[in-house]
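Here are my notes on the model, as numbered points. Please read them with the structure open.

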Amino acid sequence: MSHQPSTAAESAIRAALRRLPKVDAVLARPALTAADVPRWALRQAVRERIDELRQAVLRGAIPASFDLASEDVCARARALAAPSLRRVINATGVVVHTNLGRAPLSPAALARVVELAGGYCNLEYELGVGRRGSRHGHVAALLTALTGADDAVVVNNNAAAVMLALSALASGREVIVSRGELVEIGGSFRVPDVMRLSGATLVEVGTTNKTRASDYERALSPDTGLLLKVHPSNFAIVGFTEEVAPAELATLGARAGVPTMMDLGSGLLLAEAELQAMGVPPEPGVRAMIAAGLDLVSFSGDKLLGGPQAGILCGRADLIDKLRRHPLMRALRPDKLTLAALEATLREYRDRAGPVATSAASSAGTSAATPDTDSNPNIDVPVAAMLAAPAAELERRAEAALALVRDRLAGPGPGRAAVAVTVSACTSTVGGGALPTSTLPSWGLALVPAAVEVGAVDIDVALRRADPPVIGRIVAERVVLDLRTVLPDDLEPLVAAVVSVVSGTA
Ligand SMILES: *Cc1c(COP(=O)(O)O)cnc(C)c1O
């Protein structure tokens, strides 16, 4: 074998590779040994930096310096060690935003999680008799009081609730569902798929736009295990439509001796009149479904209810009991954090003072009531407060936020900014598969490109790079930050992010 004579370039590269810093030598620097960053992250950051130098050398782009700046290494190590889950500011105007973690918890729910999760609790322990108890007892009474149902049980989410109900009540049997309700909820929850997985056989009746009681009746057989209604959640069929009312289905099921169930999706515990007072169109509540005579109703804990992720089933005691005893329950049971937060959220609903009906009546009769509180549902649950916030109040908040932004930008700024900020009307949505077609009038800040080299997308990217990241919406070449979903504590960081984007420091 003959060796190729190396060129001058090749020997320069070999010489440069010998000059690459050594990992342990860099890590031994006082600036790094003293840094408040995990050692593994520092080591990985140093390795990555050295590897970048090596790649540059191998490409023939020999760096002028092989010195690694300690601050640079520390910054990279900090980024590597940072948590993946981060707090973000929801300025999308979508109140129940699944991608952003759905419902923010109430102060009471947070306090209970902190209190119970840091120690031991009576999760499955009967304090009175000093022996094993059931975790299912802690919220059942609250749920029956709030919904009028005989009994209730909680699982990890509503998808699990539907899965459990189908498995326990209809495995190996037929479940009749309207073709207009064979929906797919975000994140690949498809009614026909869940049905198959549970061992139940789907029997479709009616058409996409029209299903009548007689359609269900004709499909009944000795094999029917359940009559199921599903809230369409994320779409609406409009025009020439007909569906079977819950009460009608309940009557049909009772006559045939077949249980009836409604997958309600977003579990509303407020009165329909309260929603109306907020300017939200009527949405069937859980209580109304139970009153209609349905045997089981399932819904999420973290949609309109405003609590933690959970699936709640309420209804006939014998059916709930069957669910509680089903082997799947062991895999779907909620943990203590969920139960702590859910119990606190439900207590907010049960213990609140003066429901809205009273305050709406008094504001109609007298002028003593403060405007803007008409739709206040008197409940310290963020989702309810956000839905109830009147447009006039949001406009005031937007004006105040703009004043803060202008204040900070005043002074010897960088001259004409590439981004202009204004107050703007916008529209919020409920989200979370509730009321897909309705919007709430809202107000926010609009960040408008004011130079050719800046686009709305650039502004959006800069806001998402802020700490905490701000998530807005691009509407007509502007970034709109809807204040309805910005929590009180998030207003200050939101203003700071806007200021740094406008002043070009982001
Ligand atoms: C959201 C929804 C589900 C899924 O509920 P999760 O709590 O997200 O599991 C199921 N059915 C309907 C109708 C829904 O709207």
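1. The structure holds 0 disulfides, a disulfide being a pair of cysteine sulfur atoms within 2.5 Å. Two cysteines can be placed by their accessibility, where buried means under 20% relative accessible area, exposed over 50%, and partly exposed in between (1.4 Å probe, protein chains only). C121 counts as partly exposed because its relative accessibility is 29%. C426 has a relative accessible area of 12% and is therefore buried.

2. On provenance: this is a predicted model, in which local features need pLDDT of at least 70 and side-chain atom pairs count only at pLDDT 80 or more, while totals for chains, interfaces and linings use all residues. Residues are numbered from 1 along each chain as its sequence is written, and side-chain values use heavy atoms, with hydrogens and water left out.

3. Overall figures for the protein chain follow. Of its 506 residues, 46% count as buried. Its C-alpha atoms fill a box of roughly 95 × 75 × 55 Å along the principal axes. The chain exposes about 24,300 Å², of which carbon and sulfur atoms supply 55%; accessible areas come from the Shrake-Rupley method with a 1.4 Å probe, and for residues only the protein chains shown count as cover. Among contacts (heavy atoms within 4.5 Å) with a separation of 6 or more, 74% join residues 24 or more positions apart.

4. The domain assignment gives domain 1 (8-81), domain 2 (107-351) and domain 3 (388-503); such bounds come from an automatic or database domain assignment. The C-alpha centres of domain 2 and domain 3 are 37 Å apart.

5. The secondary structure comes to 21 helices and 18 strands. Helices (H or I, at least four residues) and strands (E, at least two) are DSSP runs, numbered from the N terminus.

6. One open sheet has 7 strands in the order β5-β13-β12-β11-β10-β6-β9, with mixed pairing; two strands pair if DSSP finds at least two bridges between them. Its edge strands, β5 (151-155) and β9 (201-205), each pair on one side only. Neighbouring strands are turned by 25° against each other on average, direction ignored. Axes here are lines fitted to C-alpha atoms, for helices over the stretch in contact, and angles run from 0 to 180 degrees between N-to-C directions.

7. Within this sheet, which strand is largely enclosed by the rest of the structure, and why? It is β10, because 7 of its 7 residues are buried. β10 pairs with β6 in the parallel sense over 4 bridges, and T224 of β10 is the bridge partner of E174. A further 4 bridges join β10 to β11 (residues 260-266), also parallel, with L228 opposite M261.

8. Strands β12 (residues 296-300) and β13 (residues 311-315) run antiparallel and are joined by 5 bridges. F299 stands opposite I312 in β13.

9. Helix α9 (residues 191-198) packs on the sheet, touching β6 (174-178), β9 and β10 (224-230), with its direction at about 145° to that of β9. Helix α14 (residues 317-325) lies across β5, β12 and β13 and runs at about 25° to β5.

10. Helix α7 (residues 137-147) has V139, A140, L142, L143, T144, L146 and T147 buried. The cover over these residues includes β5, α13 (286-291), β13 and α16 (336-351). Just after α7, G148 takes a positive phi of about 80°.
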